[in-house]
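Trainee: Could you walk me through one part of this structure up close? I'd like to look at the nonpolar core and what sits around it.

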Amino acid sequence: MAIHEVTTTDVLQRCEACDDEHRILIDDLEVGVVRDQQVDGRLVPMPPCPACGAVEFLVRAPDDEPEHPSQGSFGHLHRMLVDELHADLVTRGRVNAALRDAEGGIPANLAKPLSTEKRERWFSKGLRARRAVEQPVAAPEEGRQ
């Protein structure tokens, strides 16, 4: 499932299985997945698709991930949206209890927010991975002067 937009209140998600688009409240999301007594703080489990029941996870980029090879592509923008959503959830304290220390604190290196430069360059009009469809420029009519 890909996310296409992140607002202050919700996330626009498209289901890969059925192409249904739906909004998920940020308050319904949490960073971290626990399985077999292991916890992964890079994952954000998404709720099941309301149309088909498919379940997927968003994965924050590793700290040492190189720059995306296709700058400006949907994959590049999506990666940054996931990282920013993950960081926002951490900032809001929406973190699985298994990731917190004994005092309830959240590790400082858990989130990987976008830099101000990247945010301004790629998301100056909002956190969206979709670009407006450009209309083709009409060719001049032949014989017209």
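Mentor: Let's settle terms before we start: helices here are DSSP runs of H or I with at least four residues, strands are runs of E with at least two, and both are numbered from the N terminus. On that count the chain has two helices and eight strands. Reading from the N terminus, the order is β-β-β-β-β-β-β-α-α-β. Keep in mind that this is a predicted model. The mean pLDDT for the chain is 86, and 88% of the residues reach at least 70.

Now for the core. Across the 145 residues of the chain, 34% count as buried. The largest nonpolar core holds 25 residues, and those touching the most other members are Ile3, Leu29, Val31, Leu85 and Phe123. Two elements, β1 (2-6) and α1 (74-91), each give two or more residues to this core. The largest share, seven residues, comes from α1. As a general point, nonpolar side chains in soluble globular proteins tend to be buried together.

Phe123 is a good one to zoom in on. Skip its neighbours within four places in sequence, and Phe123 is still in contact with Leu77, Met80, Leu81, Leu114, Lys118 and Arg128. For the chain as a whole, among contacts with a separation of 6 or more, 53% are between residues 24 or more positions apart.

Lys118 turns up again when you move to the largest pocket, which has about 260 Å³ of space. Its lining has 14 residues, and Glu65, Glu67, Asp83, Lys112 and Lys118 are the closest to the pocket's centre. By type, the lining splits into six charged, five nonpolar and three polar residues. Helix α1 shows up here too, giving the largest share of the lining, four residues.

For a contrast with the buried core, try Gln37, in the loop between β4 (33-35) and β5 (38-40). Gln37 counts as exposed because its relative accessible area is 83%, and the cut-off for exposed is over 50%. Gln37 and Ala98 are 61 residues apart in sequence, yet their C-alpha atoms are 9.3 Å apart in space.

One last thing to check is how confident the predictor is from place to place. Among the chain's elements, strand β6 (residues 43-45) has the highest mean, 95, and strand β8 (residues 127-128) the lowest, 85. Residues 131-140 are another matter: pLDDT stays under 50 there, and the model has three contacts beyond four places in sequence for that stretch.

Technical notes
Residues numbered from 1 in each chain as written. Predicted model: local features only at pLDDT ≥ 70, side-chain atom pairs only at ≥ 80, totals over all residues. Heavy atoms only, no water. Core = buried A, V, L, I, M, F, W, Y, C linked by side-chain atoms within 4.5 Å. Buried < 20%, exposed > 50% of the residue type's maximum accessible area, 1.4 Å probe, protein only. Contact = heavy atoms within 4.5 Å. pLDDT = per-residue confidence, 0-100. 1 Å grid on protein atoms, 1.4 Å probe; cavity = no way out; pocket = protein on both sides within 12 Å on 5 of 7 lines; lining within 4 Å. Points joined across faces, edges and corners; volume = space filled by probe spheres on them. Nonpolar A, V, L, I, M, F, W, Y, C, P; charged D, E, K, R; others polar.
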